[in-house]
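Here's a friendly walk through this structure. Keep the view open beside the text and follow along.

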Number of protein chains: 2
Amino acid sequence: MPNLPRVVSREPLPHDEAKWTKLVKVTYEDADGKSRIWESAERTTRPPATAEQPDVVDGVDIVAIIRGTPGAPDSRIVLIKQFRPAVGRTVIELPAGLVDAGESVDEAAVRELREETGYVGRVSADTEASLSPSLTLYADPGFGNNNLQIVYVDVDGADARNLDGNRRLQLEEGELVQAVFTVPLTDLFVTCRRLANEGYAIDARVGTLAEGMEMAGRYLRLK
Amino acid sequence: MPNLPRVVSREPLPHDEAKWTKLVKVTYEDADGKSRIWESAERTTRPPATAEQPDVVDGVDIVAIIRGTPGAPDSRIVLIKQFRPAVGRTVIELPAGLVDAGESVDEAAVRELREETGYVGRVSADTEASLSPSLTLYADPGFGNNNLQIVYVDVDGADARNLDGNRRLQLEEGELVQAVFTVPLTDLFVTCRRLANEGYAIDARVGTLAEGMEMAGRYLRLK
């Protein structure tokens with residue numbers, strides 16, 4: 001039986017050993033013209049922005065929805081449990097990944113969903129003003145420039161490829177997905193609270209989507 | 001008339017100059033017992049976890065709500081425009097800040113809201129199972145251990161201290177809040193899209209709350 005992953009040690013990472021991360025010294029002028037310094041933590045993997053593509057995106061987070069049916073009316077969202085060494089715990093996350101060079105965010109979303117969860121889906125083509133992709137969102141703009149777009153993917157729960165037992169994960173070396181599971185969207189908020197009580201850490205995208213859905217119920221009633 | 005802040009240069013930040021950020025080499029064992037390395041970008045400011053407080057939180061994000069009234073039924077959320085050197089642009093954000101040593105997240109939220117926006121509020125005491133504070137959320141767990149809690153703060157729009165002209169910002173050295181504004185919660189999604197079109201960057205908490213509220217309307221209808 002496999003063990004749970006665990007952190008063995010944490011120590012300073014010398015610059016010349018860092019492959020995926022870097023610290024950047026940003027010199028800027030404030031509104032009074034005064035020169036100031038800001039420290040930024042960044043990925044080394046982002047391609048440079050160009051005139052054609054000024055808004056380069058590091059990664060995608062995937063909201064994969066298995067739509068409800070008359071017999072099972074709740075729409076469900078696909079989540080993963082993944083050990084994250086930086087956090088030292090297993091984190092409840094949306095399927096996600098970095099966008100490969102030359103790949104669109106939509107292509108990256110469908111690819112990563114399949115690799116990380118085994119689910120085959122297609123980018124949601126909502127007939128209303130589309131949710132997908134989201135705006136480019138900055139994960140922690142006081143700390144670094146990392147950004148992402150949320151892509152909504154429809155998963156056909158009746159497609160044979162998506163049935164339990166047929167789904168095959170294709171994890172890359174070092175990816176630590178421990179479990180793939182689905183939650184009714186109506187239960188996302190309480191499920192996050194329960195999983196946190198069980199010792200899981202909660203990713204901010206999952207948690208904030210749950211908060212937003214809960215806010216809609218609580219604050220929009222006066223309308 | 002003041003200029004807009006602008007980035008002048010970006011260059012590698014040597015380790016020994018970094019005050020607020022650090023790179024950490026995490027050695028861990030995977031489920032097969034194999035030793036592996038992960039790179040983590042972290043804040044230097046987090047106090048160490050203790051047995052009494054294992055879940056130390058870096059910061060708070062504040063959902064400050066001015067509740068609707070019969071004459072103006074839409075509840076409004078308080079947002080800020082802040083220049084972020086790491087992003088090189090002005091970002092639409094929730095009021096936010098780091099939790100001081102010895103301070104609770106609730107205290108930090110009320111303090112930071114007042115300092116960054118001038119609004120005086122109190123932590124929401126929702127009579128239902130409370131939204132506030134949120135779970136501890138990890139901002140970017142594939143990249144680092146930065147985390148936060150969302151605190152909901154009720155702002156009394158009729159309180160004289162909260163009227164335009166009476167609100168006073170108390171910004172710390174280097175804080176670059178350019179504007180404080182409110183948006184009806186029902187318009188948060190479309191407002192983020194409009195502001196992005198105008199060239200603003202969007203913080204992931206703001207954007208994801210908006211996505212969550214929109215998802216509630218689109219995906220929960222089958223219930």
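Just after helix α1 of chain B comes G118(B), which takes a positive phi of about 85 degrees. Chain A tells a similar story: its α1 is followed by G118(A), with a positive phi near 80 degrees. Bear in mind throughout that this is a predicted model.

**The helix before the glycine**

How far does α1(A) reach from its first C-alpha to its last? It covers 17 Å with 13 residues, close to the 18 Å expected at 1.5 Å a residue. The helix in chain B, residues 105-117, should span 18 Å by the same reckoning, and its end C-alpha atoms are 17 Å apart, which agrees.

Now for what α1(B) tucks away. Its buried residues include V105(B), A108(B), A109(B) and L113(B), and charged-letter names turn up on that list too, among them R111(B), E112(B), E115(B) and E116(B). The buried part of α1(B) packs against β4, β5, β7, β8, β10 and β11 of chain B. Over in chain A, the buried residues of α1(A) include V105(A), L113(A) and T117(A), and they pack against β4, β5, β7, β8, β10 and β11 of chain A.

Step back a little from the helix in chain A and you find S104(A), in the loop between β7 and α1. Is S104(A) buried or partly exposed? At 31% relative accessibility, S104(A) counts as partly exposed. Another residue to look at here is V60(A): S104(A) and V60(A) are 44 residues apart in sequence, but 9.9 Å apart in space, C-alpha to C-alpha.

**Sheets shared by the chains**

Strands of a sheet pair through backbone hydrogen bonds, either parallel or antiparallel. One open sheet of three strands runs in the order β1(A)-β2(B)-β3(B), with antiparallel pairing. Its edge strands are β1 of chain A and β3 of chain B, each pairing on one side only. Neighbouring strands here are turned by 30 degrees against each other on average, direction ignored.

Another open sheet of three strands has the order β3(A)-β2(A)-β1(B), again antiparallel. At the edges stand β3 of chain A and β1 of chain B, each with a single partner strand, so one side of each is left without a neighbour in the sheet. Neighbouring strands of this sheet are also turned by 30 degrees on average, direction ignored.

Here are the pairings that cross between chains:

| Strand pair | Bridges | A residue pair |
|---|---|---|
| β1(A) and β2(B) | six, antiparallel | V7(A) and Y28(B) |
| β2(A) and β1(B) | six, antiparallel | K25(A) and E11(B) |

**The two chains together**

How many residues of chain B are in contact with chain A? There are 103, and they touch 103 residues of chain A. The size of an interface is often given as the accessible area lost when the parts come together. For chain B and chain A that is about 9,500 Å², with 60% of it on carbon and sulfur atoms. In chain B, L23(B), E39(B) and Y219(B) lose the most area to chain A, together 9% of what that side buries.

Finally, the symmetry. Chain B can be laid on chain A with an RMSD of 0.0 Å, using a turn of 180 degrees and a shift of 0.0 Å along the axis. The two copies are therefore related as by a two-fold rotation axis. The same surface serves both copies, as 100% of the contact residues of chain B recur in chain A.

Notes
Residues are numbered from 1 along each chain as its sequence is written. Chains are lettered from A and ligands numbered from 1 in the order in which they are written. This is a predicted model: local features need pLDDT of at least 70, side-chain atom pairs count only at pLDDT 80 or more; totals for chains, interfaces and linings use all residues. Side-chain values use heavy atoms; hydrogens and water are left out. Copies are superposed by least squares on the C-alpha atoms of residues with pLDDT of at least 70 in both. Contact means heavy atoms within 4.5 Å. Helices (H or I, at least four residues) and strands (E, at least two) are DSSP runs, numbered from the N terminus. The expected span of a helix is 1.5 Å times one less than its number of residues. Buried means under 20% relative accessible area, exposed over 50%, partly exposed in between (1.4 Å probe, protein chains only). Two strands pair if DSSP finds at least two bridges between them. Axes are lines fitted to C-alpha atoms, for helices over the stretch in contact, and angles run from 0 to 180 degrees between N-to-C directions. Buried area is the accessible area (1.4 Å probe) that two parts lose on being put together, summed over both.
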